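Please open the model in your viewer and keep the sequence beside it. The stops below say what to select next and what is found there.

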Amino acid sequence: MENIKLNDGNKIPAVGFGVFLIENNGPTYDAVKIALKAGYRHIDTAAAYFNESDVGKAIKDSGISREEIFVTSKIWLQDHGYEAAKKAVDTSLKNLGLDYMDLYLIHQPYGDVLGTWKALEEAKKIGKIKSIGVSNMSPKIYSEFVSKFETLPAVNQVECNPIFQQKKLRELMKKDNVKLEAWYPLGHGDKKLLENPAILEMAKKYKKNAGQIILRFENQEGFIILPKSTNPERIAGNINIFDFELSQDEMEIFRKMDTGKGVHDPEAPGVAENLLKNFKVHD
Ligand code: A2P
């Protein structure tokens, strides 16, 4: 597995296994076990995915040593603010059954982001977290908060795929050497994307499926990718993207697919309130 170096010196595997919307108490456990067996060494969960405990159990039962697996989780909106965030770090660690997380992200950039960040910086200093980062920061939100942070985030995890390539955000992040992590790297299974004739042609040429071609494009663009699947064959396939290389012309074909728009707008009015209403990690 290829690794990418973060701005804090730590390394992250270029492909991670995302477990958003996979249920706890079985399905996440099974999926993570399959992923680890297939060769993934990077699992991406969140407090608000409600499946940290299955992720932890699957890691423990895998027989793979802890240091070999890169584990990301995320703090939920309800726990923003310095004191609440300190507690949330411990809750995530407890749910995961781990004594450190490789990466912990501010899942949604609303409320007392600065207080939360300070708590994460401290948790990093005492070794509870190796790297800290943010998520769902649009260019405007990124500029507003990151300029006030004492420590730069290692990553910003955002929606990113050929339809929405985050070009403006990438320019900003490049200056800080902050890596982009892509959620919905397959457009959440978007049929139009997966059946795009140019992509299907490349798939035929390289003897890969359309999903693998898309993921390879993203990898060559330098994104850390988090494809999600519950299908064992596709789970294994999505990591098997390092034995071919797209040409510059093919990369250009992909770059032209960008519409500049995704399904999630972090700046939409009421977004924080809706998220809080829909996801409660505790009372
Ligand atoms: P499945 O779980 O049946 O594999 P994203 O990672 O962008 O959220 O996309 C996830 C969606 O894409 C899921 O519906 C998943 O379905 C599907 N998917 C995952 N890998 C592939 C692939 N290689 N080719 C086509 N569809 C895929």
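Is D90 buried, partly exposed or exposed? Because its relative accessibility is 37%, D90 counts as partly exposed. Bear in mind throughout the tour that this is a predicted model.

**Stop 1: D90 and K128**

With D90 still selected, add K128, which forms a salt bridge with D90 in which the closest N and O atoms are 2.8 Å apart. The two residues come from distant parts of the chain, 38 residues apart, with D90 in helix 3 (residues 82-96) and K128 in the loop between helix 4 (113-125) and strand 7 (129-135). K128 is likewise partly exposed, having a relative accessible area of 26%.

**Stop 2: K74 and D44**

Next select K74 and D44, whose side chains meet in a salt bridge with an N to O distance of 2.6 Å. This pair also links distant parts of the chain, since K74 lies in strand 5 (residues 70-75) and D44 in strand 4 (residues 42-44), 30 residues apart. K74 counts as buried because its relative accessibility is 0%, and D44 counts as buried at 2%.

**Stop 3: helix 2**

Now select helix 2 (residues 52-62), in which E52, D54, V55, G56, A58 and I59 are buried. To see what covers these buried residues, show the surrounding elements, including helix 1 (27-38), strand 4, strand 5 and helix 3. Just after helix 2, select G63, which takes a positive phi of about 80 degrees.

**Stop 4: a network of charges**

Move on to R170, E221, E252 and R255, which are linked in a network of salt bridges. Within this network, look at E252 and R255, which form a salt bridge whose closest N and O atoms are 2.7 Å apart. Both belong to helix 11 (residues 248-255), and because they are 3 residues apart there, about one helical turn separates them. E252 is partly exposed, with 34% relative accessibility. A search of the whole structure finds 10 salt bridges.

**Stop 5: R216**

Which side chain of opposite charge is nearest to R216, and how far away is it? Select R216 in helix 9 (residues 210-221), and then E245, which is that nearest side chain, at 4.4 Å. R216 is buried yet has no salt bridge, because a salt bridge needs a side-chain nitrogen of Lys or Arg within 4 Å of a carboxyl oxygen of Asp or Glu. The side chain of R216 does, however, reach the backbone oxygen of F244 at 3.0 Å. Leaving aside residues up to four places away in sequence, R216 touches I241, F242, F244, E245 and L246.

**Stop 6: helix 8 against helix 9**

Stay with helix 9 and add helix 8 (residues 197-206), whose axis comes within 8 Å of the helix 9 axis and crosses it at roughly 95 degrees. The two helices are therefore roughly perpendicular. On the helix 8 side the contact is made by I199, L200, M202, A203 and Y206, and on the helix 9 side by A210, I213 and I214.

Finish on I213 in helix 9, which is buried because its relative accessible area is 0%. Apart from residues up to four places away in sequence, I213 touches I199, M202, A203, Y206, K208, F244, L246 and F254. From I213, draw a line to E245: the two residues are 32 residues apart along the chain, and their C-alpha atoms are separated by 9.4 Å.

Key:
Residues numbered from 1 in each chain as written. Predicted model: local features only at pLDDT ≥ 70, side-chain atom pairs only at ≥ 80, totals over all residues. Heavy atoms only, no water. Helix = DSSP H or I, 4+ residues; strand = E, 2+ residues; numbered from the N terminus. Buried < 20%, exposed > 50% of the residue type's maximum accessible area, 1.4 Å probe, protein only. Lys, Arg positive; Asp, Glu negative; His and termini not counted. Polar contact = N/O pair within 3.5 Å; in protein donor to acceptor, adjacent residues only side chain to side chain. Contact = heavy atoms within 4.5 Å. Axes fitted to C-alpha atoms, helices over the stretch in contact; angles between N-to-C directions. Parallel < 35°, antiparallel > 145°, perpendicular 65-115°, else oblique.
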